[in-house]
Protein chains: 2
Amino acid sequence: MSKNTVLAVMPFTKEQQEQMKETYPQLNFIFTDYKSVTEEEIKDAEVIIGNVPAAQLKNADKLQWIHLNSAGYDAYVGEGILPKKVILTNSTGAYDVAVGEHVLAMTMEVSKKLHFYRDSQLKCEWSDYGEVLPLHDRRVLIVGLGGIGGYYGKLMKALGNNIVGIRRNIKVKPDFVDEIYTFDMLDEQISLADIVVLALPASPQTNGLMNEERFKKMKKSAMFFNIGRGSLVDMEALYQALEQKQILGAGIDVMTPEPLPAEHPLWKLPNIVITPHISGQFHLPETLTRIQKLAMDNLEAFAGNAAYRNVVKR
Amino acid sequence: MSKNTVLAVMPFTKEQQEQMKETYPQLNFIFTDYKSVTEEEIKDAEVIIGNVPAAQLKNADKLQWIHLNSAGYDAYVGEGILPKKVILTNSTGAYDVAVGEHVLAMTMEVSKKLHFYRDSQLKCEWSDYGEVLPLHDRRVLIVGLGGIGGYYGKLMKALGNNIVGIRRNIKVKPDFVDEIYTFDMLDEQISLADIVVLALPASPQTNGLMNEERFKKMKKSAMFFNIGRGSLVDMEALYQALEQKQILGAGIDVMTPEPLPAEHPLWKLPNIVITPHISGQFHLPETLTRIQKLAMDNLEAFAGNAAYRNVVKR
């Protein structure tokens, strides 16, 4: 019986590769990356770990299971992309720490005006920007209490803030959450918050969630952060809210479009910090470790010894 | 019997002023600020709250007690400045939250490369700076475990880091500290730390503490922060450590000289964030609240009902 082939399209470290090969000697591992992977390799694989181009999967006749390195899976669930028999799993959870920490850092940057001080530094200017905001006792509204929003909430709670969560299912209130509401309370809660954080996936329901009306409900002293998807926010409304100082400041890692064109007026507003959708990816080494852990757990499932984790229903 | 006069040279809010007047109707309060205060007012006061020019105190014949809004008191303890009978108290503790939070924010900014992303933003550039550092499980060396260093340590502990403290008296280890050492272990601990934070006062003993040799002991991947006093650091050694990438990055709020001249080469180094000695002052409104609390407690002492807090021995 020939060995099943596992095509890993991921920047796993040498150590991680060795660990996988040693744990599963009955499998034939091929390690490559997104740019180098060939159609031939995809066609020959029983297992794929990593996001290969979805269009190339139609010829993957041997494929039994694919594990995505992303949490998102939209590109892989359309009609005719993957045969029904193929198991699809994703990496939900792997990015919680990386993205949660990133938005924590952005929260602090805007609260303490470090972006203004950086601007002055580049001009070699010793300038005082006056009053700053505390990092404790703030009312923090987290819209979307999944892994990422939840991790941010835990950190902000540990620093002494009040955490208000909005999500669909409020039957279980996590320990770090002070108050929890469903989406029908969103408008009211937006008007009470010092910090509003969107940590939702893209969906028809969340599309344009933060619009002109909702930015106007925010306190003038409040800050806004988006670490979900660009589609959650009406970009023109965000621009107006900041430009007219309806809100104090913002930090966004996701936007529409991406990359943000050089001529987009948002770049030039002083009271926003923009990062180019880098909070996730593999920029925090721990993320790769977490994805490998998920992949290893699911290799155990492929070997017939466990149930698959993070199965995408389709 | 005429009322004793309390000259408050501080930006107390109207509310805070009312509270003080209502609590002590037997006292005659004069509220002014550093720029407006007159020699005549100082001469007539039994009590001064706030840092008036030290040189003007020599004619303060009626003065019984002065409360400084600063933690530092060097300017007030020299020969012939204050008569021995005058009680001198200071505001140690009032700045712990403001300065501790500021250095926390700088730690996150450098860890997540937010200063680089800000630089790109000013150029309207969508650029990816790659790997970032985690905000947890770091070995954080705090040199000087007073109120400010301690507050920062508490916050970093709450986020899941390992706290190593250096101070003179190690008989009592605070709960948030994992390891505590005296100054003879400084060099060894510097070589082990991911984050080195100086939170010491200026003194002949701490002058030039961070020199070329000690920067060379730091890990290449480590970060350095100074929130104590500029005199703690050999500025040329700091410049060399950053310029030659002996260390990963730095954040400083205090330096020599202040203001840092526009032509100073430190401004232009990419891997340092500089703030112009603004972490303290009254920039966090809570600081003023804390100073007022100290002043109120000591007004109770002036009334004979309590012991003075924060008495400076001289």
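Trainee: Hi! In which sense do strand 6 and strand 9 of chain B pair, and over how many bridges?
Mentor: Hello! Keep in mind that this is a predicted model. Strand 6, residues 139–143, and strand 9, residues 195–198, pair in the parallel sense over four bridges in chain B.

Trainee: Which residue of strand 9 does Val143(B) stand opposite?
Mentor: That would be Leu198(B).

Trainee: And what sheet do these strands sit in, open or closed?
Mentor: An open one: seven strands of chain B, in the order 8-7-6-9-10-11-12, with parallel pairing.

Trainee: Why do strand 8 and strand 12 of chain B each have one side without a neighbour?
Mentor: They stand at the edges of the sheet, strand 8 at 179–181 and strand 12 at 272–274, and each has a single partner strand, so one side stays without a neighbour.

Trainee: What does the twist average from one strand to the next?
Mentor: The average is 15°.

Trainee: Switching to chain A, how is that one divided?
Mentor: Into domain 1, covering 4–90 + 285–302, and domain 2, covering 96–274. Their C-alpha centres lie 34 Å apart.

Trainee: How many bridges join strand 1 and strand 2 of chain A?
Mentor: Six, and the two strands run parallel; strand 1 is residues 4–9 and strand 2 is residues 27–32. One residue pair to look at is Val9(A), whose bridge partner in strand 2 is Thr32(A).

Trainee: What unit do those strands make with helix 1 of chain A, and which hand does it have?
Mentor: Strand 1, helix 1 (residues 14–23) and strand 2 of chain A make a β-α-β unit, and it is right-handed.

Technical notes. Residues numbered from 1 in each chain as written. Chains lettered and ligands numbered in written order. Predicted model: local features only at pLDDT ≥ 70, side-chain atom pairs only at ≥ 80, totals over all residues. Pairing = 2+ DSSP bridges. Axes fitted to C-alpha atoms, helices over the stretch in contact; angles between N-to-C directions. Domains from an automatic or database assignment. Right-handed = clockwise from strand over helix to strand, strands pointing away.
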